[in-house]
Every structure is written in structure tokens, then in C-alpha cells.
Amino acid sequence: MQVSSLNEVKIYSLSAGRSLPEWLSDRKKRALQKKDVDIRRRIELIQDFEMPTVCTKIKVSRDGQYIMAVGTYKPRIRCYDTYQLSQKFERCLDAEVVTFEILSDDYSKIVFLQCDRFVEFHSQQGHYYRTRIPKFGRDFSYHYPSCDLYFVGASSEVFRLNLEQGRFLNSLQTDASENNVCDINPVHFLFATGTAEGKVECWDPRTRNRVGLLDCALSSVTADTEIDCLPSISALKFNGALKMAVGTSTGQVLLYDLRSNNPLIVKDHQYGLPIKSIEFQHQLDLIISADSRIIKMWNKDTGKIFTSMEPEYDINDVCLYPNSGMLMTANEAPKMNIYYMPVLGPAPRWCSFLDNLTEELEENPESTVYDDYKFVTRKDLENLGLAHLIGSTLLRAYMHGFFMDIRLYHKAKMMANPFAYEEYRREKIRQKIEETRAQRVQLKKLPKVNKELALKLIEEEGEEQQLTRKRKQKNMPSLLKDDRFKVMFENPDFQVDEQSEEFRLLNPLVSKTSEKRKKKLKLLLEQEAKEQEEEEEPEGKPSDAESSESSDDEKGWVEEVRKQRKLLRQEEKVKRQERFKEDQQTLLKPQFFEIKEGEEFRSFKDSAKKQKLMKKTLGDRLKLEEKLGTLNVSDTTVGSKQATFRLKKSEQQKKQQEAEKQHRQERKALRRSAGHLKSIRGRRQRFH
């Protein structure tokens, strides 16, 4: 059990400490309690008072015997019996519960509003009935005289479901686009709904007419508050017949008297988070308001803070046990917290032993170390000249030093070192100067090649480091330190030509920033040449300020592109004029070309024919070749085409073929003459 104190109000956290696993045997639990002091001192007020993952809502039945909580995962409800200090039952649901209401004095009648637009009714034995509303619901209230359920949600209508007749009635039409919360006054049953526009509409259920309208968004804005958007209503609670508390999404709580349009008091939580819950404590006239981070208790008449609590996890709901000093919270954690404050009231009847326990703790307080004491060592005492106080009541020995009053410490330090403030001021100034110097570009980091590109990369790296610090992200590696791009800053072949046409058209807006970067680079080179010390150098403007001055809007980009194109046209025109003048001055001389051996010069028409032929398509060339006989296209048996080409022969090949042909003809003639002689000889021999 942890004890905290704020404004002399002691708060006992009954759920603090480690919880033992359920599967441990009783013998092992007793053994752990003997060994561990924290486990022995912890208090398990209600057994298994937790959810598997998150608890979203917690309520107490009207008879005070049952505590009900809903949470995830899986969506479920757990009911705890305070008389038995244990869990009574657990029921799993089909969807997450937005909110729920206990209609009876015990757990026998419960209504659940789920996130899938379903309204589920449970009786004592379990699930009873399920119906659906037209729009997604956010809150609902039960009107006891007429047995009507009023549902508000993502709609301008307030849906009414009568439980006696078992049917929907005519809905109430509000002026809002959406309704967030609603409540019914327990005295005169006035129905109030909080809208997304920051207004509260009050309706009379008897006549079903609107009887009042409060503009809470305008009243919540004061001279001290800073808001970014229109506040909406996030919490609503009636107190008696005339008082009503309203919580906004920007962290303000407004207390109204229903007879006035102006709030009696406006309390700001100073966190800017939506108000989750509002409760009234009647014994001390307190209002308990909670957002997801803090629970504040303050006087409803003066607005003075009574006490506050900041749990370890975010808060989803707060429930005050009636007529006692016990407070329960539903958190973004499995364990549900239980706090006990004896100042608010006695302990509930089912845990009356808490009063005796807290009285014993107050009678035997533990020794604590307060914030108004300073821990000093023996060396610190010698430096302050207070070594003679060792052994006196002004110093309290602790570990390797002493505790002394912080006021005495400050007085002694002022007497020992009267110029401490001047030294502190000088140190702060030196730190500021070092911070500004860190933003400047170091000369040793600039490479020999592409200096302007390196300067640009260093400036962008500084801007990215500032963004990553704000977003808490990891820094990306720099191109200057990457070995893959090292050659780009060492080899002169990779020097960027900023006068080229491609560079000027792709980077039209580099003119302004490049001029500033060139000036900065020139100053850095001059400083390097002079070799002045850094302490004597004038402070330059940080790169962040320079980069913020250049605006890359679309209009400037278009104008700069047009300007660069105009300059390129003028430069091209000047180059053409210079080439034309050079052509006029030069004299044309005849040129002679040598023809290869074995080739004959016919005319320039052949080259012209070849050029025309090359311009034609492949289909036209194939048709021409087919006409000339050099190409033969035939169909195959498979259905495809077969093309046979004849290569064109050169002049030398043609001459060789003609010579071979002539040689073959001569040989044929010789064979014929030889055959003729043989026939003549045969005839002569026959004659003889």
C-alpha cells in the first residue's frame, strides 16, 4: 500500500504493489509473503479486481453491494460482490461496450450500449434481449418515471426507447450535428444533452420541447486559456435541482446554475485533454473531475484545489463509492486502481478495517526525506566553511554525507561565493554561443569537389536533425559519410555543371538559394585564407533562417522556368550568329575522297537509293526484294511462312563468277573439239 500526500491530504493506494499469479498454491503464496516485504504489506481488497487488458467503465449498484466493470479483450463484464470480496460472475459480449447503466438496485437489470449500434439487455440469469438503434451511440440515460431510454450519438436526433411498451418513440430533434453526452436531473427529471458544437440543450420529457440552450464553448474561453479548435462537450453531470457541471474537450470544467446563462466558475485542468468524468462529493462540497492524465478535486464554491492524483496509466473512468472516501478508476491497464482518502469520508461497511489500518499508520509514521533538505558530503561542508557543524543538530548523518536545511545551504553558499550568479550567467551565455556555433558549417567538412552541393547537404542534414528530434525518430545516414558516394566529392569528373541546359531547367529555383550559398561559401573561403580564430569570427545567420526565407511556391517556380528558357534562347541565338560569321570568313576548299580497290564509282544516285530504301518499312522492303528475285516467300505445311534470301554480290564476286563461267565454256568447247577429232579418226580407221 502506497501513501502520498498533497495539500496535507493523505491518499492511500490500495491496489499498489505486485499481484500474485492465480496458479500459485497457498503454500507458495505464504512462502513468498514470508520472503518479500512488499508482498507481505500489500492489500488485496477485492480478489481478481482486474481486466485482461483494459478497463473502460466502472460503476457501483445503488445498494452498494456490487461493483461492475467492463473492458477488453475479449469484450466482457465482471461483477464483484463486496460482501464476499471476490468476483461473482463474468460474461463475455459480442462487441466492445461504449457505456452501460444499472437499472435495478442490484445486478438483475443491466443495459449495454455497444460500439456496433446494438443495445443489449441483461437480466439476472444472463442475456435477455438485443436491439439496434439507427445511428452509432455515444451515451444514454434512463428516465425512471416513463421507463424511457434516451440515446445520443452520431446524429442530430435523440432516440427514445420505451421499455414498458417495448418500442421506439418519436425522437427529439436537436440543432446539433452530433451529440456526445447526456444526463437526466434526478430531482425534476430535466434531460440535457451536450453537443459537438460546445452547447448544452435542455429538454422537458413531459412536453418533449426544448426549454433551454447554453453556449458553453464561448464561456469556457478565458484570457488565460489557449485553444486550437472549437471546444465540444465531453462530460455532463447534474447536482441537485439547480447545479450542473459541464466538461469540455479542451480540459475546462464549467459549473452552472440553471437559472443563469453564465457559469459560476470555470476550472481549467491545464493539460488540454478532454474531461472524461465528473463526480460530486457532498460532504465537503467538492467536484471530482478527471481527464486521461489527472484527477482533480476542488471546491465548487471557490474553485480552490483540494488535492489531485496522477495515476501511472491513462484514466478512462472514475467512480466514487457513495457515502465514503473510496475512489475507483478504470485505466488503460489490466489493474483497476482503488484509492482511499479518510478526509472524504469513512471506509465502506464491507472494508471497515481500513479505518483501523490507516489510524495505525498515522500513529507510527515512517521516516521520510523531504524536498526541503539538501544532501552534502564532507568535502562540500569544507568548501562552504561549515565543517564545524558536524555533530550538531543542524546536520543529520546519512550514508556517506549529511542532510541539512536547504535554506541554510543557500545562505552559506552565498557567503562562500558571492559571485555565483555571475558565474552562472556567464556559463549560460557560453552555452548559448556554443549552440549557435554548432549550427554553423565547419570548414574542414567541405570537400574539394562539389563544395556547393556538400554545403547544401550539410544544411539539409541540420534541418532533418531538428525535425527528427521533434518527432523522436532515428536520424538517416548522411551522403557525405557514405562510402558509396565518396567519389562524387573527390573526382573532378563528377563536378556539377550549373551552367548546363539540363541543370538550369531541372533546378529553376536554385538561383536565390545558390546565390546565398555562394556568398556563404565565399565568406568561408575568405575566413579560411585569413586563418582567423573562431572566437573572433562574426556570428553568421544560421542556415535554418536562410532556408526559411526562400519560398518555393508554384508561381515563383513557373516564372523562374520562363526566365531560364528565355536566357537559353538568347544564348543559342548568339551562338548561331557567331557560327554564321565564322562560316562567312572561312573559304571552302575542294575535298577528295579515295575509293577502295575493286570498287567502281558509278554515281551518287546509289547512295540516294539506299537512303530512300532504308526509310521504307520492312513490309515495303520485303515486297521490293521479292520483285527483284532476291527473296522467296512460301507457305509451309504447318501453316507458317518461310522466307529464303539471296545475298547481293559485290563487283569483285561478279567478275570472279564471269571468269569462272568463261572458263567452263572454254572447257566445254575443248571437250566438243576433242570428241569431234575422235569421231573423225574412227571413221578413217573403218574406211581403211
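The chat below goes through a predicted model of one protein chain.

Colleague: What am I looking at overall, and how many helices and strands are there?

Modeller: This is a predicted model, and its protein chain holds 15 helices and 34 strands. Of its 688 residues, 34% count as buried, and the accessible surface comes to about 46900 Å², with 50% of that belonging to carbon and sulfur atoms.

Colleague: And what share of the contacts comes from residues 24 or more positions apart?

Modeller: Taking the contacts with a separation of 6 or more, 45% are between residues that lie 24 or more positions apart in the chain.

Colleague: Let's zoom in on E4. How many of its residues are buried?

Modeller: Strand E4, residues 66-72, is mostly covered, since seven of its seven residues are buried. Tyr 66, Met 68, Val 70 and Thr 72 point one way from the strand, while Ile 67, Ala 69 and Gly 71 point the other way, and the residues of both groups are buried.

Colleague: Which strand does E4 pair with on the E3 side, and how many bridges join them?

Modeller: Strand E3, residues 54-60, runs antiparallel to E4 and is joined to E4 by six bridges, with Lys 59 standing opposite Met 68. The two strands form a hairpin with five residues between them, and in that hairpin Gly 64 takes a positive phi near 80°.

Colleague: What about E5?

Modeller: E4 is also joined to strand E5, residues 76-81, by six bridges in an antiparallel arrangement, and here Val 70 has Ile 77 as its bridge partner. E4 and E5 form a hairpin as well, with three residues between the strands.

Colleague: Changing topic, what is the strand order in the sheet with E30, E31 and E32?

Modeller: That open sheet of three strands has the order E30-E32-E31, with antiparallel pairing. Strand E30 (373-377) and strand E31 (396-398) stand at the edges and each has a single partner strand, so one side of each is left without a neighbour in the sheet. On average, neighbouring strands of this sheet are turned by 35° against each other, if direction is ignored.

Colleague: How many bridges hold E31 and E32 together, and which helix packs on the sheet?

Modeller: E31 pairs with E32, residues 401-405, over three bridges in the antiparallel sense, and Arg 396 has Phe 403 in E32 as its bridge partner. Helix H6, residues 406-416, packs on the sheet and touches E30 and E32, its direction making about 95° with that of E32.

Colleague: Now charges: how many salt bridges are there?

Modeller: The structure holds 16 salt bridges. One of them joins the side chains of Asp 105 and Arg 62, at 2.9 Å from N to O. This pair links distant parts of the chain, 43 residues apart, with Asp 105 in the loop between E7 and E8 and Arg 62 in the loop between E3 and E4.

Colleague: Is that pair's Asp 105 buried, exposed or partly exposed, and what about Arg 62?

Modeller: Asp 105 is partly exposed because its relative accessible area is 43%, and Arg 62 is partly exposed at 47%, with the partly exposed range lying between 20% and 50%.

Colleague: Which partner does Glu 201 have?

Modeller: Glu 201 meets Arg 210 in a salt bridge at 3.5 Å, N to O; Glu 201 is buried with a relative accessible area of 2%, whereas Arg 210 is partly exposed at 36%.

Colleague: And Asp 204?

Modeller: The side chain of Asp 204 meets that of Arg 206 at 3.2 Å, N to O; Asp 204 counts as buried at 14% relative accessibility, and Arg 206 is exposed at 72%. Elsewhere, salt bridges that share partners join Asp 94, Asp 116, Glu 120 and Arg 130 into one network.

Key. Residues are numbered from 1 along each chain as its sequence is written. This is a predicted model: local features need pLDDT of at least 70, side-chain atom pairs count only at pLDDT 80 or more; totals for chains, interfaces and linings use all residues. Side-chain values use heavy atoms; hydrogens and water are left out. Helices (H or I, at least four residues) and strands (E, at least two) are DSSP runs, numbered from the N terminus. Buried means under 20% relative accessible area, exposed over 50%, partly exposed in between (1.4 Å probe, protein chains only). Contact means heavy atoms within 4.5 Å. Accessible areas come from the Shrake-Rupley method with a 1.4 Å probe; for residues, only the protein chains shown count as cover. Two strands pair if DSSP finds at least two bridges between them. Axes are lines fitted to C-alpha atoms, for helices over the stretch in contact, and angles run from 0 to 180 degrees between N-to-C directions. A salt bridge is a side-chain nitrogen of Lys or Arg within 4 Å of a carboxyl oxygen of Asp or Glu.
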